[in-house]
Amino acid sequence: MLILSLASVARDPVGLQGRIAADDPMWDEVGLALEEPLRVDLEARMVGDGVLVRGEMETRLAADCRRCLTPAPVSIRETVHLLYEPLSGDEEAELSGEVYPLPERGDELDVTEALREQLVLLAPNFVVCSETCRGLCPQCGEELNRTTCDCVPDEGPGPWDALKNIKFD
């Protein structure tokens, strides 16, 4: 967990460096597989009634190419800006995702959940090992980047075949 002391932030800007382990259970719920820990280097400062947390986060995600299914890890290094404000229930629902609520009680601010959310938003939905990846043969399953196969494409009826019979004058 990455926790800031709000009393310290109220006096001066506070730096926060840390790591969230790749095998931390918080990653299980979001479907991300990290190859290495999430490293963060942040600075928190007061802005009005709120707290602005800025800095960088960096990690490497384990992913598979969507065409050939070979491992294609993704490196992520991104600047993050997190704004925490005292919010009422209505404001919290309205500003969800843009502004994070400051805890009503206590002197600690846990930024772990917000960083997890930011990483989920940064993670690509589809990964390709290279733009020239040829993928897998749909008949035999051979990886076409490494070898060729003798399969003949299936020329069965397609959904657009009826359009071939239309006659235009």
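Hi everyone, let me start with a helix. Helix α3, residues 112–122, lies across β2, β3, β4, β5 and β6, and runs at about 135° to β5. One thing to keep in mind as we go: this is a predicted model.

So which residues of α3 are buried? They are T112, A114, L115, R116, Q118 and L119. If you look at what those buried residues pack against, you find β2, β3, β4, β5 and β6, and also β7, which is residues 108–110.

Now to the sheet under discussion. It is an open sheet of five strands in the order β2-β3-β4-β5-β6, and the pairing is mixed. At the edges sit β2, residues 14–20, and β6, residues 100–101, each of which pairs on one side only.

Let's walk along it from the β2 side. Strand β3 covers residues 38–47, and β2 pairs with β3 in the antiparallel sense over seven bridges. If you'd like a place to click, take Q17: its bridge partner in β3 is D41.

Next, how many bridges join β3 to β4? Nine, and these two strands run antiparallel as well. Here you can pick V40, which stands opposite M57 in β4. The two strands form a hairpin with two residues between them. In that turn, G48 has a positive phi of about 65°.

Moving on, β4 spans 50–61 and β5 spans 74–85. They pair in the antiparallel sense over eleven bridges. The pair to look at is R54, standing opposite H81 in β5.

While we are on strands, a general reminder for anyone looking at side chains: in a regular strand they alternate between the two faces of the sheet.

Let me finish with two loop residues. The first is L69, in the loop between β4 and β5. For the torsion fans, phi of L69 is near 65°, a positive value in a residue other than glycine. Is L69 buried or exposed? It counts as exposed, because its relative accessibility is 56% and the cut-off for exposed is over 50%.

The second is E143, in the loop between α3 and α4, where α4 is residues 161–164. E143 counts as buried, because its relative accessibility is 13% and buried means under 20%. What does E143 touch, not counting residues up to four places away in sequence? The contacts are C68, T70, G135 and L136.

That's my tour, and I'm happy to take questions.

Terms used. Residues numbered from 1 in each chain as written. Predicted model: local features only at pLDDT ≥ 70, side-chain atom pairs only at ≥ 80, totals over all residues. Heavy atoms only, no water. Helix = DSSP H or I, 4+ residues; strand = E, 2+ residues; numbered from the N terminus. Buried < 20%, exposed > 50% of the residue type's maximum accessible area, 1.4 Å probe, protein only. Pairing = 2+ DSSP bridges. Contact = heavy atoms within 4.5 Å. Axes fitted to C-alpha atoms, helices over the stretch in contact; angles between N-to-C directions.
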